[in-house]
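Trainee: Got a minute? I'd like to go through this one with you, strand by strand.
Mentor: Sure, pull it up and ask away.

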Amino acid sequence: MTTTSAARSLNASELERYHEDGYLLIPDLLPVSDIDAFCEHEARQQEAGPNGLQKHQTDAAWSAIARHPQVVTKVRQLLEGVPRIVQTMYMAKKPGGGTGVALHQDTHYIRNEPNTLMACWIACNDTGADNGGLCVAPGSHRRGLLEAGQVRESDQHTTWVNDYPMRDPAGKTWTEKMHSHDIHAFTRDQVDMLTVPKGGGVFFSSLTVHGSYANQTEDRPRLAFATHYVRDDTWVFRQDLQGMVPA
Ligand SMILES: O=C(O)CCC(=O)C(=O)O
């Protein structure tokens, strides 16, 4: 990995934009050579089976992206504290209709207190509206946790239901059924379809409404790597995510 150049901090206007819009796009976040190294590694892993959410704990290539100085320096600024890694995901959306994640706020899926959860989403190839790139609703983070309904367009969005074991700080445990949802307060024409080049990254807060639509291209996958972080004084309720590690 090419991590030799000094990590750049966000400047005042970038910080202001993040707080105003609930997200910040940095088109040249990571060197393309680092992304290529990750994708080549990932291509060799294809036969190893599905990826979990904790692969940064066992796979050096995943850890290198989640802990990349160009990312962590900025996450530290945005969290105003020490970040911990909650989960990592590599999302390879197939051409010819591969579905996306309906509009959501991450706090719904990953309850945490205080709510410091945020994400860094990195494009591993050129992404945009045509191949199912990331979309965000600017300013939506200022509206608090919004009501979520059923997924509206099943040809565009994946649907699922899952039971999650939970534990609170006092040790009480229970199981919560969660399902894919959709935030009906926003429609497709109210969100920004982001164009993020390979190596570009988007930082967004867990209250920022975001998601993605189906990949309409015939021949271009949509490849993205996302890491979710919390500040180190945060409790995460989902037991499968409680093995948080320093970034
Ligand atoms: O890229 C996508 O399809 C959705 C990503 C997402 O929801 C996330 O990173 O939290």
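Trainee: What's the bridge partner of tryptophan 121 in β11?
Mentor: Alanine 226 is the partner of tryptophan 121. Keep in mind that this is a predicted model. β4 and β11 run antiparallel, with six bridges joining them.

Trainee: And which residue of β11 does methionine 89 stand opposite?
Mentor: Alanine 226 again. Methionine 89 falls within β2, which spans 83-93, and β2 runs antiparallel to β11 with ten bridges between them.

Trainee: How many of the residues in β11 are buried?
Mentor: Ten of its ten, so to speak: the strand is mostly covered. Arg222, Ala224, Ala226, His228 and Val230 point one way, while Leu223, Phe225, Thr227, Tyr229 and Arg231 point the other way.

Trainee: Why the split?
Mentor: Because side chains in a regular strand alternate between the two faces of the sheet.

Trainee: OK, switching to the ligand. Which residues surround it?
Mentor: Met91, Gly100, Val101, Asp106, Ala119, Trp121, Leu134, His210, Gly211, Ser212, Ala224 and Ala226. So Ala226 and Trp121, the bridge partners from before, are both in that shell.

Trainee: What's the mix, polar or nonpolar?
Mentor: Seven are nonpolar, four polar and one charged.

Trainee: Which strand gives the most to that shell?
Mentor: β10, with three residues. β4, β10 and β11 each supply at least two.

Trainee: Where does β10 sit, then, at an edge or in the middle?
Mentor: It's in a three-stranded open sheet, ordered β8-β5-β10, with antiparallel pairing. β8 and β10 are the edge strands, and each pairs on one side only. β10 and β5 pair over three bridges, and valine 136 stands opposite histidine 210 of β10.

Trainee: Let's move to α4. Which of its residues are buried?
Mentor: Gln70, Val71, Val72, Lys74, Val75 and Leu78. The cover over them includes α1, β2, β4, β9 and β11. Just after the helix, glutamate 80 takes a positive phi of about 55°.

Trainee: Last one: in the largest nonpolar core, which residues touch the most other members?
Mentor: Ile122, Val202 and Phe203, out of 55 residues in that core. Leaving out residues up to four places away in sequence, phenylalanine 203 touches Tyr18, Tyr23, Leu24, Lys74, Leu78, Met118 and Cys120. Lys74 and Leu78 in that list are among the buried residues of α4.

Methods: Residues are numbered from 1 along each chain as its sequence is written. This is a predicted model: local features need pLDDT of at least 70, side-chain atom pairs count only at pLDDT 80 or more; totals for chains, interfaces and linings use all residues. A residue is near a molecule or strand if its C-beta atom, placed from the backbone, lies within 6 Å of it. Helices (H or I, at least four residues) and strands (E, at least two) are DSSP runs, numbered from the N terminus. Ala, Val, Leu, Ile, Met, Phe, Trp, Tyr, Cys and Pro count as nonpolar, Asp, Glu, Lys and Arg as charged, and the others, Gly among them, as polar. Two strands pair if DSSP finds at least two bridges between them. A residue is buried if 20 or more other C-beta atoms lie within 10 Å of its own, exposed if 12 or fewer, and partly exposed in between; C-beta atoms are placed from the backbone. Two residues are in contact if their C-beta atoms, placed from the backbone, lie within 7 Å. A nonpolar core is a set of buried Ala, Val, Leu, Ile, Met, Phe, Trp, Tyr and Cys residues joined through C-beta atoms within 7 Å.
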